[in-house]
Amino acid sequence: MSPDKFKLLDEIRSRKNNVRANELKKLMSLFGFTYRNARHCIIYKHTKYPFLRVTVTEHKEKGQENRILKCYVKNCINAIDELSSMEKGE
């Protein structure tokens with residue numbers, strides 16, 4: 001596993017309140033999640049374990065890049081932690 005993805009995970013874990021949508025997409029894709037845009041949200045699904053799914057809603061503020069609320073960032077981190085424990089065989 002690439003150390004870059006764990007570095008990004010630690011960085012996002014430390015600042016859950018200030019995560020941009022493109023950062024979260026990059027993190028999730030590094031861990032094997034694909035995404036699709038739904039009407040008002042993004043749905044992440046793991047390629048090997050399709051039951052691992054996370055739904056994220058972007059909050060659009062005028063003139064600013066889309067930010068992700070802390071609760072959605074936590075859900076993504078929890079999915080990555082669950083994936084790591086499944087791959088370790090726990």
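This text walks through a pair of packed helices and two loop residues in a predicted model.

The first stop is helix α2, which spans residues 21-30. Its buried residues are A21, E23, L24, L27 and M28. Around the helix axis they cover an arc of only 160°, so they sit on the same side of α2. Just after α2 comes G32, whose phi is positive, at about 90°.

The partner of α2 in this account is helix α1, made of residues 3-14. Two packed helices are described by the angle between their axes and the distance between the axes. For α1 and α2 the angle is about 140°, and the axes are 10 Å apart. An angle over 145 degrees would count as roughly antiparallel, and 65 to 115 as roughly perpendicular; α1 and α2 are therefore oblique to each other. The crossing in which α1 passes α2 is left-handed.

Which residues make the contact between the two helices? From α1 come K5, L8, L9 and I12, and they meet E23, K26, L27 and L30 of α2. Sorted by class, this contact holds 5 nonpolar and 3 charged residues, with no polar ones. Two of the α2 residues named here, E23 and L27, are also among the buried residues of that helix.

Following the chain out of α2 leads to F31, in the loop between α2 and β2, the strand of residues 33-37. Is F31 buried or exposed? Its relative accessible area is 5%, and buried means under 20%, so F31 is buried. Leaving aside residues up to four places away in sequence, F31 touches K5, F6, L9, H46, I80 and L83. Among these, K5 and L9 belong to the set of α1 residues that meet α2. F31 can also be placed relative to T47: the two are 16 residues apart in sequence, and their C-alpha atoms are 9.6 Å apart in space.

The second loop residue is T57, found between β4 (53-56) and β5 (58-59). Its relative accessibility is 23%, which means that T57 counts as partly exposed. With residues up to four places away in sequence again left out, T57 touches H40, C41, I68 and Y72. A further reference point is I43, 14 residues from T57 in sequence and 8.8 Å from T57 in space, C-alpha to C-alpha.

Notes: Residues numbered from 1 in each chain as written. Predicted model: local features only at pLDDT ≥ 70, side-chain atom pairs only at ≥ 80, totals over all residues. Heavy atoms only, no water. Buried < 20%, exposed > 50% of the residue type's maximum accessible area, 1.4 Å probe, protein only. Helix = DSSP H or I, 4+ residues; strand = E, 2+ residues; numbered from the N terminus. Arc of directions from axis to C-beta. Axes fitted to C-alpha atoms, helices over the stretch in contact; angles between N-to-C directions. Parallel < 35°, antiparallel > 145°, perpendicular 65-115°, else oblique. Left-handed = near helix turned anticlockwise from the far one by under 90°. Contact = heavy atoms within 4.5 Å. Nonpolar A, V, L, I, M, F, W, Y, C, P; charged D, E, K, R; others polar.
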